[in-house]
Amino acid sequence: MADRATVLIVGAGPAGLVLGNLLRANGIDTLILERGSRERVQTRARAGFLGANSARVLTEHGLAAGMLRSGQSHDTCAFRDAEGEFELNYGELGRGEVHTVYPQQHLVTDLIAEYLHRGGRIRFDVTVTEIDAATATVRHNGGESRGRFVVGCDGSNGVSRRALPADLATRHARDHGIAWLAVLTEAPQSMTAVTYALHDNGFAGHMARSPQVTRYYLQVCADDDPAAWPDERIWSELAIRMRVDRFGPLREGPVTERRMVRLRSDVVDPMQHGRLFLAGDAASLISPSAAKGANLAIMQAEVLARALTDAVTREDEAALRAYSRTCLPRIWRAQEFSHWMITLLHGPAAAEPDAGFQRVLRRARLSSLRDSRSHQDFFAENYVGI
Ligand code: RFL
């Protein structure tokens, strides 16, 4: 016999779990189907920077205890290049908003515990293979589940996207042609702020995750094998790009994770069909250059929770019909800013005919960010906001 739930949610990442929690708070019967084990999803290190809207959503809905206890507030970032370094205290620019740094795996752990506490059902180790958007039926390795609504929160490679008819939904996609080696180190942060280093060898980034863990990014060739980057090579290339001879040494420690991240972005429009709605990376993948993916996921989960609650408790589907229209402008604005960051942080490939021209443009953009208050306000507002 098929499992039944009013709302079936595919995927237990930030999108699915925030949605599940908000629906449970409104008394709505939910079932989350997750491909991974509980252990796997609770240890998957990814995002860390939560913007002001995410902190508000989590706080207002009683999901912020862990974040408030051990999240760190960040209000400054720094840019380094051959000309020197400057800091932007974005907490005092734009709308005066700050980031809270709280590792995604800790957030996911908190959200699962709270969801279960609220009486939510979740099945781990269940891989969804097919979704019927017309009947809200989901097929998986454990059989079949039926809902009144299905929400695909299964990431950018999940099945829910494929359940949208190709002639009705458009996928606007861009491969930025850039790859990062994303590295987690067991080392305290080397600088007080997030630091973006622009170098002819490629971009390097430094981001705190917790007092003991720091994330670094190195722009690398797209076909590089992470195994070709042993610890010593990572630290020596970081030292070059971070210009330690000028700005002081990095605090080194063992590299605990190294993975390739291809900078890709896409947006699915519309994000819904029939009884199926997409949220998070399933609806829009955004390159990690501006740390927006989890924040967009949380924004969409809140909008959708409200719309589904109206539909279930008041038989009012107006907000559900408007779901894509409500979210897409905010998604595109984040995409635009992320794209702006990509062109700021990465130089053109040497083979490009106008590479020299583009490099000087990039320098001009950076100097405008250093010197112009209105440019800084634009940056701050978009960097933390959604
Ligand atoms: P998730 O987190 O990928 O969760 C999807 C879940 O769906 C499950 N799943 C399935 N379950 C059942 N059946 C199937 N067929 C399934 N297929 C998939 C998966 O197992 C998984 O548990 O998507 P969600 O919820 O949309 O959340 C998106 C965020 O995880 C993502 O956008 C962020 O991690 C992006 N990101 C960042 N975002 C930020 O807002 N701030 C950051 O600082 C930040 N840093 C990052 C990042 C992403 C990174 N990587 C790895 C791309 C840093 C990195 C390195």
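User: Which oxygen or nitrogen pairs link the ligand to the protein, say at Arg46?

Analyst: In this predicted model, a polar atom in the side chain of Arg46 lies 2.8 Å from an oxygen atom of the ligand. Backbone atoms take part as well: a backbone N or O atom of Ala15 is 2.9 Å from a ligand oxygen, and a polar backbone atom of Arg35 is 3.0 Å from a ligand nitrogen.

User: How much of the ligand does the protein bury?

Analyst: The ligand taken alone exposes 1000 Å², and the protein buries 94% of that area.

User: Which elements give two or more residues to the shell around it?

Analyst: They are helix 1 (14-25), strand 15 (213-220) and helix 8 (293-314), and helix 8 gives the most, with three residues.

User: OK, and how many residues surround the ligand, and which are the closest?

Analyst: There are 33 residues around the ligand, and the closest are Glu34, Arg44, Arg46, Gln104 and Asp281. Sorted by class, the shell holds 14 nonpolar, nine polar and 10 charged residues.

User: Switching topic: what is the strand order in the open sheet of three strands?

Analyst: The order is 3-7-4, and the pairing is antiparallel. Strand 3 (49-50) and strand 4 (72-74) are the edge strands, each of which pairs on one side only.

User: How many bridges join strand 4 to strand 7?

Analyst: Three bridges join strand 4 to strand 7, which covers residues 99-101, and these two strands run antiparallel.

User: And which residue of strand 7 stands opposite His74?

Analyst: That is His99, which lies in strand 7 and stands opposite His74.

How values were computed
Residues numbered from 1 in each chain as written. Predicted model: local features only at pLDDT ≥ 70, side-chain atom pairs only at ≥ 80, totals over all residues. Heavy atoms only, no water. Near = heavy atom within 4 Å. Polar contact = N/O pair within 3.5 Å; in protein donor to acceptor, adjacent residues only side chain to side chain. Areas by Shrake-Rupley, 256 points an atom, 1.4 Å probe, with all protein chains shown as cover. Helix = DSSP H or I, 4+ residues; strand = E, 2+ residues; numbered from the N terminus. Nonpolar A, V, L, I, M, F, W, Y, C, P; charged D, E, K, R; others polar. Pairing = 2+ DSSP bridges.
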